[in-house]
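Q: I've just opened this entry and I'd like to know where the labels in it come from. Let's take them one at a time.

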There are 2 protein chains.
Amino acid sequence: MAASPHADEAVAIAVSTVIFALRQDDGIGAANGDPTIWLPLVRRIREPFDGSWALPGGPLDAHESLADAARRSLAETTGLAPRYLEQLYAFGDVDRSPGGRVVSIVYWALVDSAEARRALVGQNVRWFPADRLPRLAFDHNEIVAYALGRLRTKVEYSDMARALLGETFTLTELRSVHEAILQRRLDPANFRRQVDAHGQLEATGEMRRTGAHRPARLYRYAAAPAPAPAAPPSSPTSSSPTKETTR
Amino acid sequence: MAASPHADEAVAIAVSTVIFALRQDDGIGAANGDPTIWLPLVRRIREPFDGSWALPGGPLDAHESLADAARRSLAETTGLAPRYLEQLYAFGDVDRSPGGRVVSIVYWALVDSAEARRALVGQNVRWFPADRLPRLAFDHNEIVAYALGRLRTKVEYSDMARALLGETFTLTELRSVHEAILQRRLDPANFRRQVDAHGQLEATGEMRRTGAHRPARLYRYAAAPAPAPAAPPSSPTSSSPTKETTR
DNA sequence: GCAAAAGTGTTCCGACTACACCCATGA
DNA sequence: TCATGGGTGTAGTCGGAACACTTTTGC
């Protein structure tokens with residue numbers, strides 16, 4: 001049944017997700033300590049762009065919200081359940097998809113390293129370092145670049161980096177997350193003061209010992225995560241924009 | 001191309017715009033100097049919400065970009081051509097539109113006062129003060145509240161306020177725009193230093209004399225507007241997200 | 001003891017704030 | 001000359017950046 005008088009004039013809606021995780025290794029096998037940003041892509045198995053790598057996603061089901069569609073397609077294609085999920089942008093240029101007009105509502109997401117290892121990697125799903133991507137299907141290279149920009153600006157003023165870590169962590173681990181995203185070194189002393197000035201961290205009392213040096217205190221987040229993709233008073237469970245997620 | 005096996009499961013796309021302007025008067029007729037934020041709404045002439053006020057908008061045409069659809073529907077319903085236009089958010093809750101699933105890609109826009117006076121006000125188009133809206137159709141009250149939040153956070157770090165003013169203006173006029181949006185008084189001395197620290201203003205050499213006091217210098221913006229809804233390197237004319245429009 | 005990372009202290013600087021003060025005009 | 005807004009000067013405060021220094025471990 002056609003959605004408009006002219007069947008070929010219908011506009012399809014798709015929901016895709018740029019999902020980030022940190023990995024220690026460099027892809028060749030050397031775990032050199034400094035984590036870098038990786039993301040999972042799925043190989044397309046039909047035209048257009050058959051064989052190309054693309055963002056996980058799929059059509060919007062009539063009975064699910066946009067965020068639910070993002071979570072579902074993510075689970076179906078990669079097996080991943082993100083800790084953080086936020087709408088990025090709606091991409092709707094007329095010519096962005098050869099062979100049919102598609103508006104893509106794109107989300108971006110974060111998973112911690114443990115969850116990332118759980119991904120269903122295989123013939124058609126693979127992790128790529130965010131700064132060394134192949135030529136992707138559609139306008140997905142641009143979309144990833146935009147998502148990376150958002151990740152980098154948002155890590156500086158929100159607590160969203162916590163979604164990339166486990167329950168407890170050292171300040172050096174938290175700092176290395178920020179360093180991986182911002183791609184520059186941060187002063188350990190100043191970083192420490194900045195994070196505990198926000199008063200969201202509490203020491204667990206435990207220590208983590210690694211290497212030939214003083215052990216580090218372990219911390220956890222005391223406060224709930226900043227209401228990132230939470231809702232304005234109205235609809236608490238479904239998808240609504242944050243008070244101000246974007247600057 | 002059928003959108004889905006069941007016609008009633010198709011998801012429609014609409015594009016709507018929250019468009020802001022400043023007005024001196026208070027709606028009753030008293031021009032008391034302090035401008036306030038107003039926005040135009042259109043009266044719905046069919047179900048659902050027949051008779052209710054709603055954001056200007058309409059369906060997405062298959063051959064136009066999202067931003068073009070926003071501009072077109074704005075021109076058709078209100079006659080307005082905004083100076084500033086940027087994507088706000090895609091609203092897609094399942095139950096937001098009784099009688100059919102609709103995903104609304106919402107833009108927000110600014111017009112200057114001269115353009116605002118040009119609007120086709122009539123039986124079915126009227127301006128409302130942004131903080132005293134009636135109950136609107138759909139989730140449009142929430143959408144306006146979200147857009148107001150974005151306006152208020154963005155005015156503090158971008159030059160987007162210029163879209164609400166004419167070619168030349170005094171610093172007091174520019175400051176009163178900020179005050180109207182932020183709903184608080186700003187120190188004239190500090191405001192002056194902040195704006196010219198950004199180095200975007202240049203004095204025209206002209207003066208504006210109003211009232212029984214020292215005339216004020218007129219300024220204009222020297223630099224091009226910050227690339228608000230401009231494009232990452234690729235597509236210069238069409239709709240792409242800004243480098244970082246959202247915080 | 002020595003290297004290395006954890007953690008503390010201190011200084012400098014730039015941005016924002018508050019507010020005192022002078023300037024130019026119309027009435 | 002007085003009221004009013006235009007415009008300048010200046011001292012206080014706050015947060016970030018830089019970096020010296022101490023602590024605690026493994027070897």
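Q: What makes residues of the surface near DNA strand C nonpolar, polar or charged, and how do they divide?
A: They divide into 7 nonpolar, 6 polar and 9 charged. Ala, Val, Leu, Ile, Met, Phe, Trp, Tyr, Cys and Pro count as nonpolar, Asp, Glu, Lys and Arg as charged, and the others, Gly among them, as polar. Before we go on: this is a predicted model, where local features need pLDDT of at least 70, side-chain atom pairs count only at pLDDT 80 or more, totals for chains, interfaces and linings use all residues, and side-chain values use heavy atoms, with hydrogens and water left out. Residues are numbered from 1 along each chain as its sequence is written, while chains are lettered from A and ligands numbered from 1 in the order in which they are written.

Q: How do you know which residues surround DNA strand C, and which are the closest?
A: A residue is near a strand if one of its heavy atoms lies within 4 Å of it. There are 22 residues around DNA strand C, and T172(A), R192(A), R193(A), R217(A) and N190(B) are the closest. Within 4 Å of the protein, 59% of this strand's atoms belong to sugar or phosphate, and the rest belong to bases.

Q: What makes the pairing of N190(B) with a base nitrogen of DNA strand C a polar one?
A: A polar contact is a pair of N or O atoms within 3.5 Å; within protein, one must also be able to donate a hydrogen and the other to accept it, and residues adjacent in sequence count only if both atoms are side-chain atoms. A polar side-chain atom of N190(B) sits 3.0 Å from that base nitrogen, so the pair falls within the 3.5 Å cut-off. R193(B) also reaches a base nitrogen of DNA strand C, at 3.2 Å through a polar side-chain atom. A212(B) uses a polar backbone atom, 3.0 Å from a base oxygen of the strand.

Q: Which element gives the most to the surface near DNA strand C?
A: That's α5(B), with 4 residues. Names like this come from DSSP runs: helices are H or I over at least four residues, strands are E over at least two, and both are numbered from the N terminus.

Q: What about DNA strand D: which residues come nearest?
A: Among the 22 residues around DNA strand D, the nearest are N190(A), T172(B), R192(B), H213(B) and R214(B). Sugar and phosphate make up 57% of the atoms of DNA strand D that come within 4 Å of the protein. On the base side, R193(A) has a polar side-chain atom 3.2 Å from a base nitrogen of DNA strand D, and R193(B) has one 3.0 Å from a base oxygen. The largest share of the surface near DNA strand D comes from α5(A), which gives 4 residues.

Q: Why are β8 and β9 of chain B said to stand at the edges?
A: In chain B, 3 strands form an open sheet in the order β8-β10-β9, with antiparallel pairing. β8 (169-170) and β9 (201-208) each have a single partner strand, so one side of each is left without a neighbour in the sheet. Two strands pair if DSSP finds at least two bridges between them. β9(B) and β10(B) pair over 5 bridges, so they pass that test. One of the matches is R208(B) with A216(B).

Q: Why is F138(A) called buried, while F49(A) is partly exposed?
A: Buried means under 20% relative accessible area, exposed over 50%, and partly exposed in between, using a 1.4 Å probe on protein chains only. F138(A) has 17%, so it counts as buried. F49(A) has 29%, so it is partly exposed.

Q: What makes the phi of F49(A) worth a look?
A: Most residues other than glycine have a negative phi, and most peptide bonds are trans. Phi of F49(A) is near 65°, a positive value, and phi of F138(A) is near 55°, also positive. F49(A) is in the loop between β2 and β3 of chain A. P48(A) lies in that loop, and the peptide bond from E47(A) to P48(A) is cis, with omega near -5°.

Q: How do you know that R44(A) has no salt bridge?
A: A salt bridge needs a side-chain nitrogen of Lys or Arg within 4 Å of a carboxyl oxygen of Asp or Glu. Lys and Arg count as positive and Asp and Glu as negative, while His and the chain ends are not counted. For the buried R44(A), the nearest side chain of opposite charge is D50(A), 6.7 Å away. Its side chain does reach the backbone oxygen of P48(A), at 2.6 Å.
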